[in-house]
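Open your viewer and keep the sequence panel handy. We will go from one stop to the next, with something to select each time.

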Amino acid sequence: MMLVLLSMCCLLPQDSIAQEVQKLNGTWHVVRSETDGKDFSSRLKGYQYVFDGQFIKLLDAKGKAVLRSDNKPDERPFLINVLTNPKTMDMTIQIKSKSFMSLGIYRLEGDELQLCFAEPGSQRPNAFQSKDGTTLIALKRAKK
């Protein structure tokens, strides 16, 4: 009996994560972007975040893949935790030949998604605001 309960307990978060990843899947347009408290929205106008499984692919205003410094497409694996409030998202960023973890939070409300990430190596933000060492991105789901 105890084994069954533990097994059921462990499956529920995975099911919740799979459902949440499914909700995130698709193309999202950048509406607003702020880093270190400064507005960078005009610089990222037309950019897209494409959630595909547990990867985020970045596209420029022309719909082409944003390239990393090694000329490979910028595709960022991420992990989420749906049991926290706010929900968390940890994203791996490749800079040159090194990988860094950026800790973040996110909020999904209908066709609007907010992401707030700390610089790699910094503590996770606890609010959806841009200040020193954080980036806040507001996204809107692309119409099909």
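Start by selecting D74, which sits in the loop that links β4 (55-59) to β5 (75-81). Bear in mind as you look that this is a predicted model. Is D74 buried or exposed? Its relative accessibility is 8%, and because the cut-off for buried is under 20%, D74 counts as buried. Now show what surrounds this side chain. Setting aside neighbours within four places in sequence, D74 is in contact with I56, K57 and L58, and also with V66, L67 and R68.

Next, go to the largest nonpolar core, which has 22 residues. Which of its members touch the most others? Select Y49, F51, M89 and L115 to see them. To find where the core comes from, colour by element: α1 (2-24), β1 (26-35), β3 (48-52), β4, β5, β6 (87-95), β8 (112-118) and β9 (134-141) each supply at least two of its residues. As background, nonpolar side chains in soluble globular proteins tend to be buried together.

Stay there and centre on L115. Beyond four places in sequence, L115 is in contact with Y49, F51 and M89. The list for L115 also takes in I105 and Y106, together with T135, L136, I137 and L139.

Now move to T27, in strand β1. With a relative accessible area of 26%, T27 is partly exposed. What does T27 touch, leaving out neighbours within four places? Look for Q48, Y49 and V50, then for K140, R141 and A142. Try a distance label too: 112 residues separate T27 from L139 along the chain, yet their C-alpha atoms are 9.4 Å apart.

Finally, zoom out to the whole chain. You should find one helix and nine strands, with the helix leading from the N terminus in the order α-β-β-β-β-β-β-β-β-β. The radius of gyration is 16 Å, close to the 15 Å that the globule rule gives for 144 residues, so the chain is as compact as a globular protein of that length. Along its principal axes, the C-alpha trace spans about 55 × 35 × 30 Å.

Switch on the surface for a last look. The chain exposes about 9,200 Å², with 55% of that supplied by carbon and sulfur atoms, while buried residues make up 33% of the 144. If you colour by charge, there are 21 positive and 16 negative side chains to pick out, and the centres of the two sets lie 3 Å apart.

How values were computed. Residues are numbered from 1 along each chain as its sequence is written. This is a predicted model: local features need pLDDT of at least 70, side-chain atom pairs count only at pLDDT 80 or more; totals for chains, interfaces and linings use all residues. Side-chain values use heavy atoms; hydrogens and water are left out. Helices (H or I, at least four residues) and strands (E, at least two) are DSSP runs, numbered from the N terminus. The radius of gyration is taken over C-alpha atoms; the globule rule is 2.2 Å times the number of residues to the power 0.38. Buried means under 20% relative accessible area, exposed over 50%, partly exposed in between (1.4 Å probe, protein chains only). Accessible areas come from the Shrake-Rupley method with a 1.4 Å probe; for residues, only the protein chains shown count as cover. Lys and Arg count as positive and Asp and Glu as negative; His and the chain ends are not counted. The place of a charge is taken as NZ of Lys, CZ of Arg, CG of Asp or CD of Glu. Contact means heavy atoms within 4.5 Å. A nonpolar core is a set of buried Ala, Val, Leu, Ile, Met, Phe, Trp, Tyr and Cys residues joined through side-chain atoms within 4.5 Å.
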